[in-house]
Amino acid sequence: QSELRKRLLDAFTNSGEDFLSGQYLAELIGCSRTAVWKHIEELRKEGFELEAVRRKGYRIVKVPEKITANEVRLGLMTKRLGQNIHYEESVDSTQKIALQLSLDGAPEGTVVIAEEQTRGRGRMARAWFSPKYTGVWMSVILRPNLLPQKAPQLTLVTAVAVVQAIEELTSIKPEIKWPNDILINGKKITGILTELQAESDRINSVIIGIGMNVNQELEAYPEELLTIATSLRIESGNRLNRAELIRLVLAKLEHLYDLYLQEGFQPIKLLWESYAVSIGKMITARMVQGDLYGKALGITGDGVLMLEDEAGKVHFVYSADIEL
Ligand code: BT5
């Protein structure tokens, strides 16, 4: 299989701008035309762009844009975040790698970046779709001197950082859906997963997972995500430089994280509210204990969602999925 793939790539290497027909490729590499088509689909999944023209065949018009740790580092304007980068081509989950690094004593600001995750995860063991070369799948190790119960606030700090980075790079103003979703036109562009290693009264590490859909086209998504997910490319019409986006997210995050450590949650709360989509609206909070329907009043000074039910009773929501 990989031998066939090599021959296919060699053929495209030699053809340059010329088209190669399916028939020609099948004969050249010694397989059926259906097999050629399957290989081409595989290449597309990896981020190659192939132009297909009837009666002429295929040609490669764009190769996947890879990130390198060096590229991320060049121009990085941070003191801690990203000063230590682990770059991987393919991992099960960057969260898992970051956890291991943190247990091994990795310093605050260590970042794990992967081109692809085969078992990327969301909250509550849900799957996070992380195709190759087109997204930002990264985990950041933080070691704040905070009480463990404050850790969820870091999700909101991160959300503001991501939104600011997107705004600066694309001029699109995304919205935040409490607690961890970032949306553009109602579709999810980024998910954040905050995982905590702590003893009862002190945090050992917080691992912030950030999954950003960047250069995917609509066809890249599986059926079940088509109505839920979008990418910066789909929304802005442009391919973005992922290394630049990573640098910007890290710079914004470091700035807001420092602000948070120095001044507490209040300044973050104000920023967060300016991007919040659910505040003032009727929402359903789906929780382990059951569903709650009511008006989202806002967040408390600790980042907890306040929801007023139809009887006028105010509930404090610490963890839930929100439906608008
Ligand atoms: C999240 O969970 O939104 C947190 C996602 C965190 C992903 C990052 S990537 C780097 C790091 N390493 C990891 O393994 N994870 C982190 P949650 O709120 O539970 O949302 C999960 C739901 O989002 C899924 O059930 C799908 O419906 C949807 N989803 C899955 N993949 C998606 C994608 N690429 N874009 C948009 N929505 C997606």
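In the predicted model, the shell around the ligand draws at least two residues from each of four secondary-structure elements, namely helix α5 (94–103) and the strands β5 (135–142), β8 (187–198) and β9 (203–213). Of the 28 residues around the ligand, those that come nearest are Ser93, Gly122, Gly191, Gly209 and Gly211. When the residues of this shell are divided by character, 11 are nonpolar, 13 are polar and 4 are charged.

Strand β5, one of the elements that supply the shell around the ligand, also contains Val140. This residue has 27 C-beta neighbours inside 10 Å and therefore counts as buried, the threshold for that class being 20 or more. Once its neighbours within four places in sequence are left aside, Val140 is found in contact with Leu81, Val111, Ile208 and Leu253. A further spatial relation links Val140 to Gln95, since the two residues stand 45 residues apart along the chain while their C-alpha atoms are separated by 8.5 Å.

With respect to the overall organisation of the chain, the domain assignment gives domain 1 as residues 2–62, domain 2 as residues 69–274 and domain 3 as residues 278–323. The C-alpha centres of domain 1 and domain 2 are placed 35 Å apart. In an unreviewed UniProt entry, residues 22–41 are listed under "DNA-binding region"; over these residues the chain is 85% helix and 0% strand, with a separation of 13 Å between the end C-alpha atoms. The annotation "domain: BPL/LPL catalytic", likewise taken from an unreviewed UniProt entry, covers residues 70–261. That span is 30% helix and 27% strand, and its end C-alpha atoms lie 29 Å apart.

Towards the end of the numbering given for domain 3 (278–323), strand β12 (residues 305–308) pairs with strand β13 (residues 314–317) in the antiparallel sense, and the pairing extends over 4 bridges. Within this arrangement, Leu305 stands opposite Val317 of β13. The hairpin formed by β12 and β13 has 5 residues between the strands, and in this hairpin Gly312 takes a positive phi near 90°.

Definitions and conventions. Residues numbered from 1 in each chain as written. Predicted model: local features only at pLDDT ≥ 70, side-chain atom pairs only at ≥ 80, totals over all residues. Pairing = 2+ DSSP bridges. Near = placed C-beta within 6 Å. Nonpolar A, V, L, I, M, F, W, Y, C, P; charged D, E, K, R; others polar. Buried ≥ 20, exposed ≤ 12 C-beta atoms within 10 Å, placed from the backbone. Contact = placed C-beta atoms within 7 Å. UniProt positions renumbered as here; feature names shortened; annotations may be inferred. Domains from an automatic or database assignment.
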